[in-house]
Amino acid sequence: MVDWSSVETVFLDMDGTLLDLHFDNHFWLEHLPRRYAEQFDLHPQQAKDTLIPMIMAERGSLNWYCTDYWSEKLSVDITGLKAEVGDRIGYRPHVTDFLEALKSAGLRSVIVTNCHPDPLALKLERTGLDRLVDSIVSSHDLGKPKEDPLFWQDLKSVTPYTAPATLMVDDSFPVLESARTAGIGQCLAILAPDSRQPARERHPEIPSIHHFNEVLPALRQRQPLPSNR
């Protein structure tokens with residue numbers, strides 16, 4: 001599933017890979033429409049019928065993930081509304097064990113996320129995730145989402161890496177396909193990003209797991225790399 005002997009760097013998505021996607025799905029599909037309806041005196045279903053197509057039209061673009069864009073477009077405080085349901089932010093199963101195993105194996109772990117810096121700060125405050133990895137890069141700092149194959153070349157300017165020796169783990173098939181196109185050596189898909197939703201079907205070409213316990217035994221058997229850190 002993963003050839004750990006050839007890996008030096010592990011790029012990790014955050015939402016749906018390390019953190020439960022339930023928070024984000026609940027916010028965009030339930031909490032935001034409800035609060036939007038309250039603010040603009042709409043029926044909740046009317047608010048949902050207005051918002052969901054508008055949001056889905058930006059899927060795959062940087063706007064899809066941009067808190068500033070949606071705050072301005074909808075005239076609401078997206079960051080403040082997210083904080084209202086911040087208690088739903090949490091880890092997916094076996095994540096901390098997996099991150100500890102990466103460190104024990106001497107592998108560099110980098111969160112590469114499309115999450116906007118404002119909700120990213122909220123999630124780090126709630127979880128302490130930044131203390132478990134070597135670094136974090138938001139696509140907003142590079143001006144393009146991970147779905148764009150050019151993103152991966154720009155990423156080298158902020159976190160140099162050797163593409164054939166890099167593993168990318170993500171719950172988004174389009175992101176993983178983009179990473180493969182850009183020459184990332186190995187990709188791994190997460191099939192159960194949301195704890196409240198059924199697992200998805202497997203990708204026809206990209207290896208996949210439901211949870212990290214499926215790769216932990218092989219990772220723990222890997223001989224540690226000499227540390228340059």
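Reader: Is R180 buried, partly exposed or exposed in this model?

Author: The model is a predicted one. A residue is called buried under 20% relative accessible area and exposed over 50%, with partly exposed in between. R180 has 37% relative accessibility, so R180 counts as partly exposed. The residue belongs to helix α9, which covers residues 173–181.

Reader: Which residues does R180 contact, once its neighbours within four places in sequence are left aside?

Author: A contact list shows what lies around a residue beyond its own stretch of chain. For R180 the list holds C187, H203, E205 and I206. I206 appears again elsewhere, as one of the residues of a nonpolar core of 20 residues.

Reader: How far apart are R180 and L42 in sequence and in space?

Author: Separation in sequence and separation in space are two readings, and it is useful to give both. R180 and L42 are 138 residues apart in sequence, and their C-alpha atoms are 44 Å apart. For R59 and I184, the separation is 125 residues in sequence and 23 Å in space, C-alpha to C-alpha. R59 is placed in the loop between α2 (44–56) and α3 (62–65). With 58% relative accessibility, R59 counts as exposed.

Reader: What do the totals say about the protein chain as a whole?

Author: One begins with secondary structure, which here amounts to ten helices and six strands. The radius of gyration is 18 Å, close to the 17 Å that the globule rule gives for 229 residues, so the protein chain is as compact as a globular protein of that length. Along the principal axes, the C-alpha atoms fill a box of roughly 60 × 35 × 30 Å. Of the 229 residues, 51% are buried.

Reader: What share of the contacts with a separation of 6 or more joins residues 24 or more positions apart?

Author: Such a share tells how much of the contact pattern links distant parts of the sequence. In this protein chain it is 67%.

Reader: How should I read the surface and the charges?

Author: The surface is read as an area and by the atoms that supply it. The protein chain exposes about 10,700 Å², and carbon and sulfur atoms supply 49% of that area. For charges, one may compare mean positions: those of the 23 positive and 33 negative charges are 4 Å apart.

Reader: Which residues have the most contacts inside the largest nonpolar core?

Author: A core is read by its size and by its best-connected members. The largest nonpolar core has 47 residues, and those with the most contacts inside it are W4, V10, L32, F98, L99, L102 and F212. Helix α1 (residues 22–40) gives the largest share of this core, six residues. Another core lies apart from it, with 20 residues that include V112, A179, L191 and I206.

Reader: What surrounds L99 and S109?

Author: Beyond four places in sequence, L99 touches L12, L18, L129, L132 and V133. S109 lies in strand β2 (residues 108–113). At a relative accessible area of 3%, S109 is buried. With residues up to four places away not counted, S109 touches V10, L12, L102, L132, V133, D134 and S135.

Reader: Where does Q186 lie, and is Q186 buried or exposed?

Author: Q186 lies in strand β5, residues 186–190. Its relative accessible area is 16%, so Q186 is buried. Outside its sequence neighbours up to four places away, Q186 touches M1, V2, D3, S6, V7, T166, L167 and M168.

Reader: Which residues of helix α7 are buried?

Author: In general, an α-helix has 3.6 residues a turn, so residues three or four places apart point the same way. In α7 (residues 117–127), the buried residues are P119, L120, L122, K123, L124 and T127. Their cover includes α1, α4, α5 and β3 (135–138). Just after α7, G128 takes a positive phi of about 70 degrees.

Reader: What is the phi of S75 and of H94?

Author: Most residues other than glycine have a negative phi. S75 has a positive value near 60 degrees, and H94 has a positive value near 65 degrees. S75 is found in the loop between α4 (67–74) and α5 (78–84), while H94 is found in the loop between α5 and α6 (95–104). S75 is partly exposed at 48% relative accessibility, and H94 is partly exposed with a relative accessible area of 33%.

Definitions and conventions
Residues are numbered from 1 along each chain as its sequence is written. This is a predicted model: local features need pLDDT of at least 70, side-chain atom pairs count only at pLDDT 80 or more; totals for chains, interfaces and linings use all residues. Side-chain values use heavy atoms; hydrogens and water are left out. Helices (H or I, at least four residues) and strands (E, at least two) are DSSP runs, numbered from the N terminus. Buried means under 20% relative accessible area, exposed over 50%, partly exposed in between (1.4 Å probe, protein chains only). Contact means heavy atoms within 4.5 Å. A nonpolar core is a set of buried Ala, Val, Leu, Ile, Met, Phe, Trp, Tyr and Cys residues joined through side-chain atoms within 4.5 Å. The radius of gyration is taken over C-alpha atoms; the globule rule is 2.2 Å times the number of residues to the power 0.38. Accessible areas come from the Shrake-Rupley method with a 1.4 Å probe; for residues, only the protein chains shown count as cover. Lys and Arg count as positive and Asp and Glu as negative; His and the chain ends are not counted. The place of a charge is taken as NZ of Lys, CZ of Arg, CG of Asp or CD of Glu.
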